[in-house]
Amino acid sequence: MDSSSAAQPRKPQYPIESVDNALRILLLLGERKSLRLTEVSEYLSVASSTAHRVLAMLQYRGFVRQSSTSRAYEPGPALTEIAFSVLRQIDVREQVRPMLEELAKHYGETVHLARLDGSLVSFVDAVESSRAVRVGSRMGKTLPAHVSASGKVLLAQLPDEAVVALYPRENLEALTPHSLSTRTALLEDLDRIRKRGYATGLQESEDGVIAVAAPLGTHAGSRYAVSISAPSHRKQDFTEVAVAEDLLRFAEQCRGFFS
């Protein structure tokens, strides 16, 4: 097969024209600083009214904005935020990846790099254990921050007032019988985490999974943490304090990159 045809993505069996038009506009914005309605209409080979409806939806979602002076369409805040978010993740991952691999090799368990996103924790990188029975990678996934060791240690970096703002209700979502299910219990746990400098997760996000997490600091406006997760039946070999000390040393090594 020709290499150029092999690299060309296969067209979906049931393409959605309106979605395709919106994505083509965004790709065109990557090549030009601004776009006028007539340019978009000609580029998509559609009527001006159709082009306007697509642009209006992109503007509604923040992917484009319309200049008040020229009336041309420019990249919007949602588009630039996605771009910067991707760049931040790549930058952070490149910096800490070698140390994540060292931790995973030393403990033989799964290591995660996580970021706080409001009341959620996002797992932006992972080195999965090579053991047959292991905690699977959560890279690319999100969880409620209060059920995760990484999420709790990141929430602990905030003052109680900020945590209350993120959790305006007393009752919290519980993923397992071990999850913190009230804001009061969460605030009490965060107070303990602040005093000792690390957080634990004892089957709070998933049955059979335990974890220890430590904060790394802030980079480009986002807070990051590192965690080591293991199956709960290996708890005796997974000494909480020793793991926490290693993670805090890891954080110290990252001090020049995180503020």
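**From the sheet to the helices**

Strand β3 (residues 110-117) and strand β8 (residues 222-231) pair in the antiparallel sense over 6 bridges. This is a predicted model. One bridge can be picked out by its residues: Leu-113 has Val-226 in β8 as its partner.

These two strands belong to a wider sheet. It is open and has 6 strands, in the order β5-β4-β3-β8-β7-β6. The pairing is antiparallel. At the edges lie β5 (142-144) and β6 (199-202), each of which pairs on one side only. Neighbouring strands are turned against each other by 30° on average, direction ignored.

A helix packs on this sheet. Helix α9 (residues 240-253) touches β6, β7 (209-219) and β8. The direction of α9 makes about 20° with that of β7.

Strand β8 also takes part in an aromatic contact. The structure holds 1 aromatic pair. Its members are Tyr-224 and Phe-258, in a tilted arrangement. The ring centres are 5.7 Å apart, with 50° between the planes. The pair links distant parts of the chain. Tyr-224 sits in strand β8, while Phe-258 lies in the segment after α9, 34 residues apart.

Now turn to an annotated stretch of the chain. UniProt, in an unreviewed entry, places the feature "domain: HTH iclR-type" at residues 16-77. Over residues 16-77 the chain is 56% helix and 10% strand. The end C-alpha atoms of this stretch are 25 Å apart.

Two packed helices are described by the angle between their axes and the distance between the axes. Take helix α2 (residues 17-29) and helix α4 (residues 48-60). Their axes come within 10 Å and cross at roughly 70°. The crossing angle therefore makes α2 roughly perpendicular to α4, because angles of 65 to 115 degrees count as such. From α2, the residues Asn-21, Ala-22, Ile-25 and Leu-26 meet Val-54, Leu-55 and Leu-58 in α4. By class, this contact has 6 nonpolar residues, 1 polar residue and no charged ones.

Helix α4 has a further partner, helix α3 (residues 37-44). The axes of α3 and α4 come within 9 Å and cross at roughly 105°. So α3 is roughly perpendicular to α4. Here Leu-37, Val-40 and Ser-41 in α3 meet Ser-48, Ala-51, His-52 and Leu-55 in α4. The contact of α3 with α4 has 4 nonpolar, 3 polar and no charged residues. Leu-55 in α4 meets residues of α2, and Leu-55 is also among the α4 residues met by α3.

Notes. Residues numbered from 1 in each chain as written. Predicted model: local features only at pLDDT ≥ 70, side-chain atom pairs only at ≥ 80, totals over all residues. Heavy atoms only, no water. UniProt positions renumbered as here; feature names shortened; annotations may be inferred. Helix = DSSP H or I, 4+ residues; strand = E, 2+ residues; numbered from the N terminus. Pairing = 2+ DSSP bridges. Axes fitted to C-alpha atoms, helices over the stretch in contact; angles between N-to-C directions. Contact = heavy atoms within 4.5 Å. Parallel < 35°, antiparallel > 145°, perpendicular 65-115°, else oblique. Nonpolar A, V, L, I, M, F, W, Y, C, P; charged D, E, K, R; others polar. Phe/Tyr/Trp six-rings, centres within 6.5 Å; stacked < 30°, edge-to-face > 60°.
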